[in-house]
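Dear colleague,

Please find the structure below, handed over for your reference. A short account of what was found in it follows.

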Protein chains: 2
Amino acid sequence: MSVALIKPDPKLDLVLDRVVDVPRELVWKAWTTPEHLRHWFVPKPWSITDCAVDLRRGGEFRFVMRSPEGQEFPNIGCFLDIVPNERLIWTDALLPGYRPSEKPFFTAILTLEPSGSGTRYVATALHRDEAGRKQHEEMGFEEGWGTVLNQLVDYIKTKM
Amino acid sequence: MSVALIKPDPKLDLVLDRVVDVPRELVWKAWTTPEHLRHWFVPKPWSITDCAVDLRRGGEFRFVMRSPEGQEFPNIGCFLDIVPNERLIWTDALLPGYRPSEKPFFTAILTLEPSGSGTRYVATALHRDEAGRKQHEEMGFEEGWGTVLNQLVDYIKTKM
């Protein structure tokens with residue numbers, strides 16, 4: 001898709017925009033490989049117990065988040081746009097193969113740009129309405145997405 | 001996307017599969033050009049009063065259907081996959097730019113294959129659940145989509 005089509009609206013959407021000192025090729029790899037992703041994708045002590053990445057448009061993106069108390073929260077959606085090392089878009093409004101889902105919540109857009117020797121990392125969550133944005137804020141978007149970005153950077157520096 | 005990802009389920013989905021004696025390039029053109037589309041896209045005496053086609057992934061597909069009594073029914077969604085003369089996928093589960101919509105109902109898949117001097121025309125509607133399929137059946141999918149296909153063929157033969 002054309003990047004111009006992405007229009008975050010402050011009333012509806014949430015954006016995390018930060019420069020990190022790891023190369024974007026590794027960020028991309030950590031984001032799109034289940035074996036890497038499960039190590040950083042949720043704020044510890046939460047964990048990922050299952051994860052599938054079918055990196056095609058319409059392909060599956062599935063993961064199960066497990067709370068410290070052992071409760072599991074499955075998520076399933078599909079990829080909409082894939083430009084390696086640059087842009088990844090997925091949504092839970094559509095299941096794999098583009099079937100509308102029963103519980104649409106948000107579309108996620110990850111964009112990566114080189115910034116010096118590091119990467120400008122922009123993660124955007126598009127919601128259908130203000131209630132969606134507020135719910136995501138209350139679930140801890142700001143802190144949660146920031147924490148996992150720290151975890152991602154640490155993981156890349158120490159394990160990749 | 002890979003065609004293999006499209007998996008219609010008889011319980012959830014509806015399919016119209018017919019060979020028509022018009023070339024697929026004209027079917028494609030009639031499907032993706034608002035000036036053509038408004039002439040055949042709803043069963044007469046219904047009409048299309050407004051139509052926009054932004055033929056990019058994530059781009060807008062909008063149309064307003066008007067009943068014979070003058071009631072208007074706006075539809076808005078976005079394109080997911082565009083392979084000229086072969087495949088067009090759009091959904092109302094996402095607004096243009098991939099924002100989740102408030103009233104997701106279905107994803108439509110149009111596939112066109114050459115068949116002799118004509119075209120095999122397959123239109124598939126994917127729903128999130130059986131209730132969605134039943135609702136679409138009761139709205140007259142079978143007769144409605146068949147009627148507009150007849151209108152499309154007539155339009156191509158007489159006006160294009």
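**Internal cavities**

In this predicted model, the largest cavity is lined by Trp31(B), Leu88(B), Trp90(B), Ala108(B), Ile109(B), Leu110(B), Ala123(B), Thr124(B) and Trp145(B). Three elements of chain B each give two or more residues to this lining, namely β5 (87–91), β6 (106–115) and β7 (118–127). The greatest share comes from β6(B), with three residues. Eight of the lining residues are nonpolar and one is polar, while none is charged. The space in the largest cavity amounts to about 50 Å³.

How many cavities of 30 Å³ or more are there? The count comes to two, and the second largest cavity has a volume of about 30 Å³. Its lining is made up of Phe61(B), Phe63(B), Asn75(B), Ile76(B), Gly77(B), Trp90(B), Asp92(B) and Phe106(B). Here the elements giving two or more residues are β3 (60–66) and β4 (72–83) of chain B. Of these, β4(B) gives the most to the lining of the second largest cavity, with three residues. The lining of the second largest cavity divides into five nonpolar residues, two polar residues and one charged residue.

You may wish to look at Trp90(B) in the display: this residue appears in the lining of the largest cavity and also in that of the second largest cavity.

With kind regards

Technical notes
Residues numbered from 1 in each chain as written. Chains lettered and ligands numbered in written order. Predicted model: local features only at pLDDT ≥ 70, side-chain atom pairs only at ≥ 80, totals over all residues. Heavy atoms only, no water. 1 Å grid on protein atoms, 1.4 Å probe; cavity = no way out; pocket = protein on both sides within 12 Å on 5 of 7 lines; lining within 4 Å. Points joined across faces, edges and corners; volume = space filled by probe spheres on them. Helix = DSSP H or I, 4+ residues; strand = E, 2+ residues; numbered from the N terminus. Nonpolar A, V, L, I, M, F, W, Y, C, P; charged D, E, K, R; others polar.
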